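Biologist: I'm new to this one, so could you take me closely through a single part of it, starting with one contact and working outwards? If there's room, tell me about the pockets too.

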2 protein chains.
Amino acid sequence: MARSIDKTKIENIRNSAMELVVEKGYGGASISEIAKKAAVADGYLYRFYKSKSELVNDLLYSLLKELVDNMELFISDTKLSVKDVIEKLVRLLFEMANQQSRKIKFLFVLMHDYNFEVHPEQRKRIFDLCRKAKNKGIKTKEISSAVDEEAIYLFTVSMPIQFLNLRLKNFFGKSSIGEKEIKMAINLSSKILL
Amino acid sequence: MARSIDKTKIENIRNSAMELVVEKGYGGASISEIAKKAAVADGYLYRFYKSKSELVNDLLYSLLKELVDNMELFISDTKLSVKDVIEKLVRLLFEMANQQSRKIKFLFVLMHDYNFEVHPEQRKRIFDLCRKAKNKGIKTKEISSAVDEEAIYLFTVSMPIQFLNLRLKNFFGKSSIGEKEIKMAINLSSKILL
DNA sequence: TTAAGATGAGTGAATACTCATTCATTTAAA
DNA sequence: TTTAAATGAATGAGTATTCACTCATCTTAA
């Protein structure tokens with residue numbers, strides 16, 4: 001009956017929130033600044049989210065979902081070996097760092113914040129996918145049974161993200177994230193797991 | 001002439017600040033709450049620090065100094081092989097996680113915050129120590145020249161801290177940090193670097 | 001017309017930080 | 001040994017500002 005919701009406004013809010021949380025931390029990213037950056041009224045986001053916390057939690061959830069959905073796609077593809085899966089996953093993370101570094105940084109910031117928890121359901125999904133990868137690897141004799149789910153997560157997700165952020169922060173004076181670095185990360189993961 | 005400064009008060013402020021930053025993030029840790037937890041007047045900390053930011057930065061600096069000083073001790077000890085150095089360093093981090101998890105968590109939180117930067121001087125120290133370890137390893141033929149400073153940092157500092165925080169957060173339902181886990185972490189680092 | 005999208009001034013609470021004041025301790029004169 | 005002046009450690013009420021959030025109001029497309 002009346003005009004329809006302008007979805008670009010919500011998208012702007014989500015992008016602004018992400019950017020400001022990365023830049024200033026959760027506590028430092030204020031609602032009014034988020035709204036200002038999104039070119040939207042101060043109170044507008046409360047039509048969609050009950051609170052600032054809910055908005056940011058939803059952002060984290062969506063981003064992880066995007067990542068885990070992709071993981072699932074790779075692992076479920078029976079044509080791919082475990083080595084292939086690792087390569088695909090690492091490539092995905094590196095591409096994200098290059099093309100939408102905001103997202104990698106946001107993940108990085110919130111996953112290390114003791115205020116925010118990965119949703120238990122998502123945690124379980126991640127665990128199950130790591131187990132699936134492990135079992136696949138044992139079947140194809142790529143993985144020794146000594147490797148557990150935690151190690152798989154650590155070296156295919158955690159470690160690449162850690163590396164990417166060293167580069168994004170220019171920690172050791174290097175910031176390049178190219179094919180050379182992708183190959184290196186894949187090698188390291190493979191060396192450990194396979 | 002007057003009473004002397006009660007150093008336990010300052011220490012209490014530092015401990016409270018650390019705890020609250022871990023629990024609520026930098027923005028969420030308010031001065032009044034820090035003071036309350038330290039059983040000290042609201043404005044007291046301003047006799048020693050110009051601002052909240054200065055206090056927290058000093059906390060990060062001290063903690064890193066403690067760590068880097070130890071790294072230096074290990075690497076400078078000519079009796080130790082690179083494998084020994086890795087073992088010592090990993091053990092140090094794991095002990096810290098067991099006995100003063102607040103410190104590991106604080107490091108974890110602030111090193112992943114885009115507001116806080118490791119002091120350039122400390123960054124350089126870390127880089128130089130990694131280089132020293134690399135050169136030592138090449139001399140003793142423990143390390144291939146393909147391994148660079150960044151990889152050393154990643155697998156002897158970053159990765160163990162990452163693992164410890166998975167456990168401290170109980171991410172995969174496991175929280176034990178014992179000898180078994182230490183051995184595993186040392187193994188993984190060695191496997192990559194040596 | 002009208003229903004719903006969108007606004008932004010307004011709310012009380014909380015924020016980081018200041019400073020006039022109080023209090024405990026030390027020193028030294030009586 | 002006693003006492004009071006001198007000192008600076010420590011306090012906490014007070015500052016302006018900003019915070020997350022609400023809601024009466026306006027705008028616009030159906």
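**Around DNA strand C**

Modeller: Let's begin with Asp6(A): one of its polar backbone atoms is 3.1 Å from a phosphate oxygen of DNA strand C, in what is, keep in mind, a predicted model. Ala41(A) also uses its backbone, with an N or O atom 3.2 Å from a phosphate oxygen of the strand. With Arg47(A), it's the side chain that takes part: a polar atom there lies 3.4 Å from a phosphate oxygen of DNA strand C.

Now step back a bit. There are 22 residues around DNA strand C, and Asp6(A) is among those that come nearest, along with Tyr44(A), Ile31(B), Tyr46(B) and Lys52(B). On the DNA side, sugar and phosphate make up 68% of the strand's atoms that come within 4 Å of the protein. As for the protein surface near DNA strand C, you'll find 9 nonpolar, 6 polar and 7 charged residues.

On to the pockets. The largest pocket has a volume of about 270 Å³, and its lining has 13 residues, with Leu188(A), Lys191(A), Ala146(B), Val147(B) and Ile192(B) nearest its centre. Helix α8 (179-193) of chain A and α8 (179-193) of chain B each give at least two residues to that lining, and α8(A) has the largest share, 4 residues. By type, the lining has 8 nonpolar, 2 polar and 3 charged residues.

The second largest pocket comes in at about 220 Å³. Its lining includes Ala146(A), Val147(A), Ile192(A), Leu188(B) and Lys191(B). Here the largest share, 4 residues, comes from α8(B), and the lining divides into 8 nonpolar, 2 polar and 2 charged residues.

How values were computed. Residues numbered from 1 in each chain as written. Chains lettered and ligands numbered in written order. Predicted model: local features only at pLDDT ≥ 70, side-chain atom pairs only at ≥ 80, totals over all residues. Heavy atoms only, no water. Near = heavy atom within 4 Å. Polar contact = N/O pair within 3.5 Å; in protein donor to acceptor, adjacent residues only side chain to side chain. Nonpolar A, V, L, I, M, F, W, Y, C, P; charged D, E, K, R; others polar. 1 Å grid on protein atoms, 1.4 Å probe; cavity = no way out; pocket = protein on both sides within 12 Å on 5 of 7 lines; lining within 4 Å. Points joined across faces, edges and corners; volume = space filled by probe spheres on them.
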